[in-house]
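Got your viewer open? Load the model and let's walk through it one selection at a time.

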Amino acid sequence: MKKTFVDIKEVASFNSLYNGYMRATEGKKKYRKDVKPYEQNLSVNLKNLSRKLLNESWKPSEGHTFMLFTEGKWREINTQPIEDRIVHQSLVYYWGTILENDSSVEHTEV
């Protein structure tokens, strides 16, 4: 099996993080409290996030957990802050392009 390594420079690039931001906030800008303040200084925030990723000082947070009563029962909801969601989406996009370009990966339709 071929090993593939993450190119952190690719994941931490401004374009990758910006695309991650767009995917992470799609449809959520109106009701997520952490999105608006982050968006006000988006360029600076993404550059800071890139710097943290490149110098390996970024760590995912524990997030926030709360209970929500819906459909007749209580549900535990876990949320992550905007930076965690941006990094997650950047990685998802990065791995997606790797898998699309890897001819050794067998694709099957479901």
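**Stop one: where two helices meet**

Select Phe14, Leu17, Tyr18 and Tyr21 in H2, then add Leu42, Ser43, Leu46, Lys47, Leu49, Ser50 and Leu53 in H4: these two groups are in contact with each other. Colour them by character and you get 8 nonpolar, 2 polar and 1 charged. Keep in mind as you go that this is a predicted model.

Now show just the two helices. The axes of H2 and H4 are 10 Å apart, and the packing angle is about 120°. Turn the view until one helix lies in front of the other; H2 passes H4 in a right-handed crossing.

**Stop two: the core**

Next, pick out Tyr21, Tyr38, Leu49, Leu53 and Ile86. These have the most contacts inside the largest nonpolar core, a set of 14 residues. Which elements should you display around them, if you want those that give two or more residues to this core? Show helix H2 (14-25), helix H3 (35-40), helix H4 (42-54) and helix H5 (82-101). The top contributor is H4, with 4 residues. As background, nonpolar side chains in soluble globular proteins tend to be buried together.

Stay here and centre on Leu49. What does Leu49 touch, once residues up to four places away in sequence are set aside? Light up Leu17, Tyr38, Trp58, Glu83, Ile86 and Val87.

**Stop three: a serine in H2**

Go back to helix H2 and select Ser16. Is Ser16 buried or exposed? Its relative accessible area is 10%, under the 20% cut-off, so Ser16 counts as buried. Draw a distance from a polar atom of the Ser16 side chain to the backbone oxygen of Val11, and it should read 3.2 Å. Leaving out neighbours within four places in sequence, Ser16 has contacts with Glu10, Val11 and Ser90.

**Stop four: two glutamates in loops**

Which loop holds Glu56? Look between H4 and strand S1 (64-70). Check the backbone torsions there: phi of Glu56 is near 60°, a positive value in a residue other than glycine. Glu56 is exposed, at 69% relative accessibility.

Last, move along to Glu71, in the loop between S1 and strand S2 (73-79). Glu71 is not a glycine either, yet has a positive phi of about 55°. With a surface display on, you can see that Glu71 counts as exposed, at 72% relative accessibility.

Terms used
Residues are numbered from 1 along each chain as its sequence is written. This is a predicted model: local features need pLDDT of at least 70, side-chain atom pairs count only at pLDDT 80 or more; totals for chains, interfaces and linings use all residues. Side-chain values use heavy atoms; hydrogens and water are left out. A nonpolar core is a set of buried Ala, Val, Leu, Ile, Met, Phe, Trp, Tyr and Cys residues joined through side-chain atoms within 4.5 Å. Buried means under 20% relative accessible area, exposed over 50%, partly exposed in between (1.4 Å probe, protein chains only). Contact means heavy atoms within 4.5 Å. Axes are lines fitted to C-alpha atoms, for helices over the stretch in contact, and angles run from 0 to 180 degrees between N-to-C directions. A crossing is left-handed if the near helix is turned anticlockwise from the far one by less than a right angle, and right-handed if clockwise. Ala, Val, Leu, Ile, Met, Phe, Trp, Tyr, Cys and Pro count as nonpolar, Asp, Glu, Lys and Arg as charged, and the others, Gly among them, as polar. A polar contact is a pair of N or O atoms within 3.5 Å; within protein, one must be able to donate a hydrogen and the other to accept it, and residues adjacent in sequence count only if both atoms are side-chain atoms.
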